[in-house]
Amino acid sequence: MAQSEKNSLRSLLALANRPRLRMLALAATAAATFFLLWQSDEQPITSYSDARQLRGDAEPDGFVINGSYTSYDEAGNRKIVFTSPRIEQFEEGNLATMELPNAEVFSATDTEPWVLKAENGSLLRNEDLLYLTGNVRVVRTIGEREATLVTESLTLDNDQGKVYTDDFVEITDSVGTTRAKGMNAWINERILELNSQVEGRYETVR
């Protein structure tokens, strides 16, 4: 065996038998990896204040940017799909809060989903309840006919396929406008129940 090969073998054996040298080699590898990541297009968070700002004042247990959530029924059909630019998750109460939630609710009888939008939303995952608040809009399309409901708060019970509110609602479609205080609607049954102070203005179809 050549002298140079013997020297190389001794060096390798020495490295294997010295934990300190192995740790130094590992540290050098980690430093090189960090340098490569730092040079990438996506810059890491550089300070504690940046990380705190990204996490938010509510200090959630976790958060998702541009998140999406889908729920299915027992047959594997979609029941609800909603998206949000920011979803914050809290372990206490198994709660998720959303900014500008956009939900599509599917039924067994309609080909088009109900579309729900609001400024804020809260999802109680244990009860499968979705609370929407702030400029809530519900759009329902049946064929060429479209109806829009506007209110300040709305609750979606995903298990029961029901939406309801105690606030004032305004429903507008191609034939007129209906206003009322409080509403219950069953999605699959296509039943809409207005609670009180119901008034409407309708155009005669010619």
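Let me start with Thr111. Thr111 sits in the loop between β4 (102-105) and β5 (114-117). One thing up front: this is a predicted model.

So, is Thr111 buried or exposed? Exposed, because its relative accessibility is 76%, and the cut-off for exposed is over 50%. Now look across the chain to Gly143. Thr111 and Gly143 are 32 residues apart in sequence. Their C-alpha atoms are separated by 8.7 Å.

Next, Arg140. Arg140 belongs to strand β7. Arg140 comes out at 18% relative accessibility, so it counts as buried. The limit there is under 20%. What does Arg140 touch, leaving aside residues up to four places away in sequence? Its contacts are Asp110, Trp114, Arg145, Glu146, Ala147 and Arg190. Keep Arg140, Trp114 and Ala147 in mind for the next part.

On to the pockets. The largest pocket has a volume of about 440 Å³. Its lining takes in 22 residues. Which of them lie nearest the centre? Trp114, Arg140, Ala147, Ile171 and Leu192. Five strands each give two or more residues to that lining: β7 (129-142), β8 (145-157), β9 (162-173), β10 (176-186) and β11 (191-202). β8 gives the most, with 6 residues. By class, the lining splits into 14 nonpolar, 3 polar and 5 charged residues. Arg140, then, is a buried residue that also lies among those nearest the centre of the largest pocket.

The second largest pocket holds about 230 Å³ of space. There are 16 lining residues here, and Lys79, Phe106, Ser107, Ala108 and Asn188 are the closest to the centre. Two elements give two or more residues to this lining: β2 (78-90) and β8. The lining has 5 nonpolar, 6 polar and 5 charged residues. β8 is a name to note, as it contributes to the largest pocket and to the second largest.

Now the closed space. How many cavities of 30 Å³ or more are there? The count is 1. That cavity holds about 40 Å³. Its lining is Tyr69, Ile80, Phe82, Leu123, Asp128, Leu129, Leu130, Leu156 and Asn158. β2 and β7 each give two or more residues to it. Sorted by class, the cavity lining has 7 nonpolar residues, 1 polar and 1 charged.

Last topic, the core. A word of background first. In soluble globular proteins, nonpolar side chains tend to be buried together. In this model, the largest nonpolar core has 25 residues. Trp114, Leu116, Leu130 and Val163 have the most contacts inside it. At least two core residues come from each of β2, β3 (95-99), β4, β5, β7, β8, β9 and β10. Which strand supplies the largest share? β7 does, with 4 residues.

Take Val163 as the close-up. Setting aside residues up to four places away in sequence, Val163 touches Trp114, Leu154, Thr155, Leu156, Met183, Asn184, Ala185 and Ile187. Leu156 in that list also lines the largest cavity. Leu130 does double duty too: it is in the core and in the cavity lining.

To finish, Trp114. Trp114 is one of the core residues with the most contacts. Trp114 touches Val163 and Arg140. And Trp114 is among the residues nearest the centre of the largest pocket.

Key. Residues are numbered from 1 along each chain as its sequence is written. This is a predicted model: local features need pLDDT of at least 70, side-chain atom pairs count only at pLDDT 80 or more; totals for chains, interfaces and linings use all residues. Side-chain values use heavy atoms; hydrogens and water are left out. On a 1 Å grid over the protein atoms alone, a cavity is a set of points where a 1.4 Å probe fits but cannot get out, and a pocket is an open set with protein on both sides within 12 Å along at least five of seven lines; lining residues have an atom within 4 Å of a point. Grid points are joined across faces, edges and corners, and a volume is the space filled by probe spheres set on the points. Ala, Val, Leu, Ile, Met, Phe, Trp, Tyr, Cys and Pro count as nonpolar, Asp, Glu, Lys and Arg as charged, and the others, Gly among them, as polar. Buried means under 20% relative accessible area, exposed over 50%, partly exposed in between (1.4 Å probe, protein chains only). A nonpolar core is a set of buried Ala, Val, Leu, Ile, Met, Phe, Trp, Tyr and Cys residues joined through side-chain atoms within 4.5 Å. Contact means heavy atoms within 4.5 Å.
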